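Trainee: Please show me the empty space in this model, up close. Start from the surface and work inwards.

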Amino acid sequence: MPSFPHPGSVSICEINRDLITAESLSDDVAKDTYGKILGMVFSPVPFQSDQLVRPPSPEQDDQQVATTAPTKGLLQTLQGILNRSLTPLFHPNHVNLLPEVDLQGVSWHQHKHIIAFISGPNQVIVRDFEDSEGKEPCILANESQREVKVLEWRPNGGRQLSVACNGGICIWAASFPGSAASVRSGASSFLGTLSRGSGVRYTLVDFLRSHNGEQISALSWSPDGRYLASGSYESSSFTIWDVAQGLGTPIRRGLGGISMLKWSPTGDYFFSAKFDGTFYLWETNTWTSEPWSSTSGFVKGASWDPDGHMILLAFSKSSTLGSIHFASKPPSLDAHLLPVELPEIMSLTNSQTTEKIAWDASGERLAVSFKDGDELYRGLIAIYDVRRTPLISASLIGFIRGPGDNPKPLAFSFHDKFKQGPLLFVCWSSGFCCTYPLIFRSHVLP
């Protein structure tokens with residue numbers, strides 16, 4: 001039987017397909033359940049989005065524009081498929097659909113136990129769980145950082161964080177005592193930091209200004225950390241940035257506004273989706289693409305498998321997921337779309353549609369939230385055991401319940417490189433962000 005957290009309880013962790021609950025959140029409970037196994041405890045991180053920190057005014061604001069032009073290599077290839085004479089005749093306003101999309105409000109650092117999450121309309125919180133002194137989290141705020149929608153740590157880039165906002169992308173970097181973060185050559189030094197405590201501070205080292213000043217609502221780094229893809233619900237094009245140079249090239253396919261962008265873990269493939277229900281698979285050798293369409297609404301969630309051989313999709317009008325399997329090796333775009341049934345979403349919760357999905361880097365655990373449903377299940381996150389041999393199948397383990405009154409998951413994400421098993425971080429509407437270790441035999445248990 002799937003584990004069910006009764007009302008009034010809070011979820012703590014998984015131990016071999018059993019989702020452990022307690023009466024309340026406490027470090028003592030965490031120590032007694034998973035702390036002895038992992039050797040550390042992930043304390044909840046409170047946040048209050050209604051008490052925002054006022055960002056400092058930037059210096060030399062007029063000089064903060066990052067130029068956008070094609071460069072050699074990848075961007076030169078992209079430029080070959082760009083037709084600048086094409087201008088959209090009509091851009092539907094998809095702002096009302098934006099809350100339906102998984103906007104990557106949470107991001108784990110690839111190699112550290114550091115989490116970043118959106119804590120208000122204009123601010124981001126960074127929490128370092130490796131900080132043994134228990135200092136308060138860092139708050140990132142700046143006049144340029146308005147209407148934050150998504151964020152993502154830069155792979156292989158030290159402690160650099162990209163934050164999508166109105167008009168462009170803020171690039172933050174950690175500054176250590178005696179070693180300040182360097183501003184990109186050619187960019188003005190518009191430093192803007194706000195952090196509590198001592199030690200690591202974050203500096204705004206670049207601002208990549210979007211074309212036409214659009215609100216950026218989709219981000220995805222290439223796995224090597226060199227290129228950053230950005231898109232907007234206001235535009236039918238997305239941009240590939242060479243971040244080191246601050247240069248970007250817009251790429252356009254179709255007419256609908258961008259809902260989601262996802263680079264594959266190997267870098268061979270790239271996924272883009274639009275609010276009109278179309279989505280595109282790209283191979284990044286020559287940057288050619290194949291269009292797809294959906295009868296189940298637009299793509300509202302997407303997650304690649306660890307090998308980059310398939311991508312799991314959630315749609316706006318269905319509780320059934322879709323998995324795209326590539327039939328041959330890159331750069332081939334020959335692929336098949338197959339359904340992944342989650343029958344318990346309807347039978348147990350009475351929900352008709354999924355809301356957000358997250359697939360851990362081992363490919364063994366899948367987290368799914370769902371819209372509406374019965375009051376008893378409303379606001380819970382379903383945890384599935386996943387098999388990929390060769391097709392995806394999912395077996396329900398149980399549900400996670402957050403703390404506080406009527407908690408609903410706002411955003412969640414798995415740690416990609418946590419060696420001791422899947423590590424799920426969830427921001428709840430009740431004002432707490434909690435970490436849930438999912439521990440089972442193939443990882444650390446005897």
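Mentor: Begin outside. The accessible surface of the chain (Shrake-Rupley, 1.4 Å probe) comes to about 18,500 Å². Carbon and sulfur atoms hold 49% of that area. This is a predicted model: local features need pLDDT of at least 70 and side-chain atom pairs 80 or more, while totals for chains, interfaces and linings use all residues. Residues count from 1 along the chain, and side-chain values use heavy atoms, without hydrogens or water.

Next, the framework. The chain has three helices and 30 strands (DSSP runs of at least four H or I residues, or at least two E).

Now the largest pocket. A pocket is an open set of points on a 1 Å grid, with protein on both sides within 12 Å along at least five of seven lines; lining residues have an atom within 4 Å of a point. About 910 Å³ of space lies in the largest pocket. Its lining takes 36 residues. Nearest its centre are Glu152, Lys262, Trp263, Ser303 and Asp416. Several strands give two or more residues to this lining. Among them are strand 4 (106-108), strand 8 (150-153), strand 12 (218-221) and strand 16 (258-263). Strand 20 (299-304), strand 24 (354-359) and strand 28 (409-414) do so too. Strand 28 gives the most, with four residues. By class, the lining has 19 nonpolar, 10 polar and seven charged residues.

Move to the second largest pocket. About 550 Å³ of space lies there. It is lined by 24 residues. Leu103, Ile118, Val148, Lys149 and Leu410 are the closest to its centre. Strand 28 turns up again, giving at least two residues to this lining. So do strand 5 (114-120) and strand 29 (423-428). The largest share, three residues, comes from strand 5. The lining divides into 12 nonpolar, eight polar and four charged residues.

Finally, closed space. A cavity is a set of points where a 1.4 Å probe fits but cannot get out. The whole structure holds three cavities of 30 Å³ or more. About 110 Å³ lies in the largest cavity. Of its 14 lining residues, Leu25, Tyr34, Phe42, Pro44 and Thr435 are the closest to the centre. Strand 1 (10-15), helix 1 (27-38) and strand 30 (432-439) each supply at least two residues of the lining. By class, this lining has nine nonpolar, four polar and one charged residues.

Technical notes
Grid points are joined across faces, edges and corners, and a volume is the space filled by probe spheres set on the points. Ala, Val, Leu, Ile, Met, Phe, Trp, Tyr, Cys and Pro count as nonpolar, Asp, Glu, Lys and Arg as charged, and the others, Gly among them, as polar.
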